[in-house]
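Visitor: Thanks for taking the time to walk me through this one. Could we look at the model together and talk it over?

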Amino acid sequence: TPQEIPISEASPRLGVAQSPGPPIVKVVIRQDLNKKILIALIASSTLLCITVMLLLYLLLWRYRGMHNNSFNGIKGKSDSVKSSVSTKPVVHKVDSVTRGTIPVYEYQLLESGTNKFSDGNVLSRGGRGCLYSACLDGKSSVTVKKLDGGGVGDTDIEKQFENEVDWLAKIKHQNIISLLGFSVYRQTRCIVYEMMQNGSLESQLHGPSQGAGLTWQLRMKIAVDIARGLEYLHEHCHPPVVHRDLKSSNILLDSDFNAKISDFGYATVLITQNKNLNRPSEYLLDGKVTDKNDVYSFGVILLELLLGKRSVEKPSTEPESVVTWAVPKLSDRANLPNILDPAIKGSMDLKHLYQVAAVAVLCVQPEPSYRPLITDVLHSLIPLLPLELGGSLRIL
Ligand SMILES: Nc1ncnc2c1ncn2[C@@H]1O[C@H](COP(=O)(O)OP(=O)(O)OP(=O)(O)O)[C@@H](O)[C@H]1O
């Protein structure tokens, strides 16, 4: 409310000149108005502060989110993975630029699904860690690869882990192993894959059964499946992807003997010189990595499928590659039935056998540029595979 104050007090403040008029002047000070302005000022600056803080928080949150989504961020995720307690996998975007989204599993979930990584769940022990069968949802079985850290050569393991997860998050194809998720907990990294009930091609060919479970037709199906997976990497990925570690132990077979390429720890992009002159890649620097390396490795697998021999035999003396052993013998195709895997002898059309052997020999030529493209390989194998197995051969 307006106040009355003596002019003697008011004048110095208000600058009102003294007049000889009546001794008391009514001066109305809009103190109320001033108060309101002050309150409004305080309120708006507080609001501004809150808005700025909110914006800063949002920016920080987005920045952290982006970093967690990159693979360098996986290392930093271990604690949050460790501390959360939900039993459901947390869906975590890996790379917003690409299509890949993969779940991050809690370590505890993998631990309980593998009975605390017990020996009874071990599928295979490798140099980099162990592979376990696991049951995560009480029903279906999955495979957990546990990579142990903390020792010598860990940077290599870590690089391979990141490369593997990175590629498999982006690549989805029926002939490439499916990545179901991953986990990072302290020094331990785990990768969760679909279960491949029939193990690796190497164990089928060279394990206790010695290839007895693989008929000629199944072998052709496996060859076509691998070629399809490779064709996808070389021809349908942009930029093309080179696997660089293709071998029978990295070809996995599911319950129906569908073959899938696994182990992308060494995979890399292929950038051809003509297309990207100003962006040299690893390939351009070392000059060795080409899609033709994968074609060579495919040829070796084809020879293993035909002859039942290991890619490298390790007798007591010198290790011998199946290529140096077989290629001279294959110069005379009449020789072929004699060196064929005994498990498939006499079970196929000889013309088909000669054709597959010819493709294998082309793939393992020493000069990479003479080797065929995987697409050409695939199209020469499809007519040899029965229709019901995914080929174009009609059996009357
Ligand atoms: N998803 C899977 N389902 C079933 N068995 C698998 C699966 N992945 C791998 N295996 C089996 O475990 C073996 C080892 O696979 P792993 O990928 O761990 O090899 P590794 O230790 O990386 O060795 P290398 O790098 O020399 O291939 C395979 O050869 C296969 O028999």
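Visitor: What percentage of the 396 residues of the protein count as buried?
Guide: Happy to start there, with a reminder that this is a predicted model. The protein has 13 helices and 13 strands. To count as buried, a residue must have under 20% relative accessible area. Of the 396 residues, the share that counts as buried is 44%.

Visitor: And what share of the protein's exposed area do carbon and sulfur atoms supply?
Guide: The protein exposes about 22,300 Å². The part of that area supplied by carbon and sulfur atoms is 56%.

Visitor: Among contacts with a separation of 6 or more, what percentage comes from residues 24 or more positions apart?
Guide: A contact here means heavy atoms within 4.5 Å. Taking the contacts with a separation of 6 or more, residues 24 or more positions apart account for 60%.

Visitor: I always check cysteines before choosing a buffer. How many disulfides does the count come to?
Guide: A disulfide needs two cysteine sulfur atoms within 2.5 Å. For Cys-135, the closest cysteine sulfur belongs to Cys-190 and is 16 Å away, so that pair is too far apart for a bond. Cys-237 is in a similar position: its closest cysteine sulfur, in Cys-363, is 19 Å away, again too far for a bond. By this rule, the number of disulfides is zero.

Visitor: Is Cys-237 buried or exposed?
Guide: Let me set two cysteines side by side. Cys-135 has 34% relative accessibility and therefore counts as partly exposed. Cys-237 has 9%, so its class is buried.

Visitor: Which two strands does the salt bridge between Lys-260 and Glu-194 tie together?
Guide: The structure holds eight salt bridges. In one of them the side chains of Lys-260 and Glu-194 meet at 3.2 Å, N to O. Because Lys-260 and Glu-194 lie in different strands, the pair ties together parts that are 66 residues apart in sequence, namely β10 (residues 259–261) and β7 (residues 188–194).

Visitor: Are Lys-260 and Glu-194 buried or exposed?
Guide: Lys-260 has 12% relative accessibility, so it counts as buried. Glu-194 has a relative accessible area of 17%, so its class is also buried.

Visitor: How far apart are the closest N and O atoms in the salt bridge of Arg-125 with Asp-119?
Guide: Both Arg-125 and Asp-119 are exposed. The distance between their closest N and O atoms is 3.1 Å.

Visitor: Which residue forms a salt bridge with Asp-245?
Guide: Asp-245 is buried, with a relative accessible area of 17%. Its partner is partly exposed at 38%, and the closest N and O atoms of the pair are 3.8 Å apart. That partner is Lys-247.

Visitor: Where does Asn-250 lie?
Guide: With 5% relative accessibility, Asn-250 counts as buried. Beyond its neighbours within four places in sequence, Asn-250 contacts residues including Asp-245 and Lys-260. Its place is the loop between β8 (241–242) and β9 (251–253).

Visitor: Which residue in the loop between β8 and β9 has a positive phi although it is not a glycine?
Guide: Most residues other than glycine have a negative phi. The residue in question has a phi of about 75°, and at 33% relative accessibility it counts as partly exposed. It is Arg-244.

Visitor: Which two residues does a cis peptide bond join?
Guide: Most peptide bonds are trans. In this one omega is about 0°, and its proline lies in the loop between α7 and β8. The pair is His-238 and Pro-239.

Visitor: What is the accessible area of the nonpolar patch with Leu-48, Val-52, Leu-56 and Leu-59?
Guide: One of these residues, Leu-59, lies in helix α2 (residues 31–69). Leu-59 counts as exposed, because its relative accessibility is 57%. Together the four residues have an accessible area of about 410 Å².

Visitor: Finally, which helices are included in what covers the buried residues of α12?
Guide: Helix α12 (residues 350–363) has 14 residues and reaches 20 Å from its first C-alpha to its last. Its buried residues include Leu-353, Val-356 and Cys-363. The cover includes α7 (216–236), α9 (291–307), α11 (336–339) and α13 (374–381).

Key:
Residues numbered from 1 in each chain as written. Predicted model: local features only at pLDDT ≥ 70, side-chain atom pairs only at ≥ 80, totals over all residues. Heavy atoms only, no water. Helix = DSSP H or I, 4+ residues; strand = E, 2+ residues; numbered from the N terminus. Buried < 20%, exposed > 50% of the residue type's maximum accessible area, 1.4 Å probe, protein only. Patch = residues over 30% accessible without salt bridge, like charges linked within 9 Å, V, L, I, M, F, W, Y side chains within 5 Å. Areas by Shrake-Rupley, 256 points an atom, 1.4 Å probe, with all protein chains shown as cover. Expected span 1.5 Å × (residues − 1).
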